[in-house]
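Let's take a walk through this structure together. Keep the 3D view open as you read, and turn it whenever a new place comes up.

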Amino acid sequence: MTFKQVSILCLLSITAISSGCASMGVKPWQRDVLAREDMRFDANPLDAAIDDHMYFSKEASSGGRSFAGGGCGCN
Amino acid sequence: MQLRFETRRAKAADTRRQLMAASCALLGAAAARGEEARMAPADSGLLEDWSVDSALAYYHEDGRIQAIEPVVNIAKLFADGQALNFNVTFDSLTGSSPNGALTSRSAQTFASPSGKSSHAYTTAPGQLPVDPHYQDDRIAVAGTWALPLTRVDQLSVGAKLSDEHDFFSVTVDASIAHDFNEKNTTLSFGISEEFDSLQPIGGAPVAGSDYALFEKTGHKSKNGVGALLGVTQVVTRNWLFEFNLSVDRFKGYLNDPYKITSIIDSAGNTTGYEFESRPDQRTRKSAYWENRVALGRQISTGLALRYMRDDWGVRSDTAQLHLRWSFSNLDRYVEPTFRWYRQTAANFYTPFILSTETRNTPYEASDSRLGAFHALTYGLKYAQKLPGLGGREESELSLRVEYYQQTFDERTATPAALQGLDLYPGLKAVLVQVGWRF
């Protein structure tokens, strides 16, 4: 499957989910669980940064979660 | 009366803090990632205090390099919603780094990148050629400023400087995020620009030139530009995800100046070496989908999937799963992690050049990072909440251990004389990290 096909498939899925479920989501007073620290995408930013640096220097791919690159001469 | 007033004020502040935390729940969007500061307890009056996140990591490769990496991150969230974040990272690497040459049945002698005879080294027969004098220090500083434009829009700008004795990099980025659907959906868009300057030891080799001629020029540069489009969606009270599409394009000197490729004859004898030669442009595209799901009061999980491809022919798939289990009244948690990664080889990757073979591309590189392999990571983290410092509510001490293993998937047919040698040794590494935040 090509990147274009994957992207289109994902975008269609997201669009379908978003438009098909206008009621998706929660009310402001229902965010107790979502506000938990462990539910944050950046709950452990240093862990992620150290892992990303390791993978950046050992693999051909990087980024995705945020911008790629690494400001490092190791790759 | 005074006591009652103080209590009421503390309760109001606590409620305000909870509401702010709830409204920040969507800030995991790409534009806001990393910029959200942890809030100090409002009732301590330290809302505007800096929060500190620090770690010391030790990385060790089996028989190769080792690194020590201290990192400090400080963040401050202002009452008006602005956030500042600064990060300082230091790396110190020592050990042996593969130079790209193929393992041989004969001893191989190499010059050091500087050409100094005192740093020449010899690799024994049957051993992977590695430069035993590898040593590098790096310092990187980064800053991010997040600024709310309206109640539902946020601008974020950042900059990063990274300096090594043979490499200097500057990156700037800017992102904008927009909340809608009662802040259940966040759309974000960001761009980044990277400027790299390379001053390799002994000069930058002429790509594809004969190693014996030691043709080197002065410093080189490469520049990159990237864009990222992301959506973060709250699905239910217990599930949210983010989906990002990103593209980046790098131009300039994209070679590793310290990597060479062996030239062998049909009998398997090494007859010479060439400096690697990569294309001077590279475009990468990726799709990334990350989920967070709460499975109860004490357990949550995260699953991240990534597909990436570039115009060098590399395609990769990544899946990472973690589970966080909190216990002891949520004062402690353990977090096992598993990551699976697979990539195909770049079109021009070759572990060696066969001197009798006609080459149909001007490019070649034996850098194993451009080969086809899969990698597994097993990780475990333990964290313990401790009393806070300086009036803060709490601090956290953590220990994290990871084991990383790379295994080659495709092996090029080799002359009979080389069979039995470990030409694709793979990689095994351990990471140990101690973290402290307050």
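Start with a pair of residues facing each other: Ser300(B) stands opposite Arg324(B), which lies in strand S18 of chain B. The strand on the other side of this pairing is S17(B), residues 299-310, and the two strands run antiparallel, joined over 11 bridges. Before going further, please keep in mind that you are looking at a predicted model.

Now follow the chain around the turn that links these two strands. S17(B) and S18(B) form a hairpin with four residues between the strands, and there Gly313(B) has a positive phi near 95°.

S18(B) has a partner in S19(B) as well. These two strands are also antiparallel, and 10 bridges join them. One of the pairs to look for is Trp325(B) with its bridge partner Val334(B) in S19(B). Here, too, the strands make a hairpin with four residues between them, and Ser328(B) sits in the turn. To find the place in the sequence, look between S18(B), residues 315-327, and S19(B), residues 332-343.

Ser328(B) deserves a second look. Its phi is positive, about 50°, although this residue is not a glycine. Is Ser328(B) buried or exposed? It counts as exposed, because it has 9 C-beta neighbours inside 10 Å, and the limit for that class is 12 or fewer.

Another residue invites the same questions. Phe214(B) is not a glycine either, and its phi is positive, near 55°. You will find Phe214(B) in the loop between strand S10 (204-205) and strand S11 (216-217) of chain B. Phe214(B) has 15 other C-beta atoms within 10 Å, so it is classed as partly exposed.

Next, bring chain A into view. Chain A has two helices and zero strands. Of its 75 residues, 49% count as buried.

How do the two chains meet? In the model, 42 residues of chain A are in contact with 79 residues of chain B. On the chain B side, strand S16 (residues 281-294) gives the most, with nine residues. Sorted by class, the side of chain B that touches chain A has 32 nonpolar, 24 polar and 23 charged residues.

Both chains also take part in the largest nonpolar core, which has 20 residues. Which residues have the most contacts inside this core? They are Ile50(A), Met54(A) and Tyr59(B). Several elements supply at least two residues each: helix H2 (45-58) of chain A, together with strands S1 (51-61), S2 (65-77), S21 (373-387) and S23 (427-437) of chain B. The largest share, six residues, comes from H2(A).

Try zooming in on Tyr59(B). Leaving aside residues up to four places away in sequence, Tyr59(B) touches Met54(A) from the other chain, and within chain B it touches Gln66(B), Ala67(B), Glu69(B), Ala429(B) and Leu431(B).

Finally, a word on confidence. The model scores ipTM 0.86 and pTM 0.86. For chain B the mean pLDDT is 88, with 89% of the residues at 70 or more. Residues 1-48 of chain B are a stretch where the pLDDT is below 50, and beyond near neighbours in sequence this stretch has 98 contacts in the model.

Terms used:
Residues numbered from 1 in each chain as written. Chains lettered and ligands numbered in written order. Predicted model: local features only at pLDDT ≥ 70, side-chain atom pairs only at ≥ 80, totals over all residues. pLDDT = per-residue confidence, 0-100. Contact = placed C-beta atoms within 7 Å. Core = buried A, V, L, I, M, F, W, Y, C linked by C-beta atoms within 7 Å. Nonpolar A, V, L, I, M, F, W, Y, C, P; charged D, E, K, R; others polar. Pairing = 2+ DSSP bridges.
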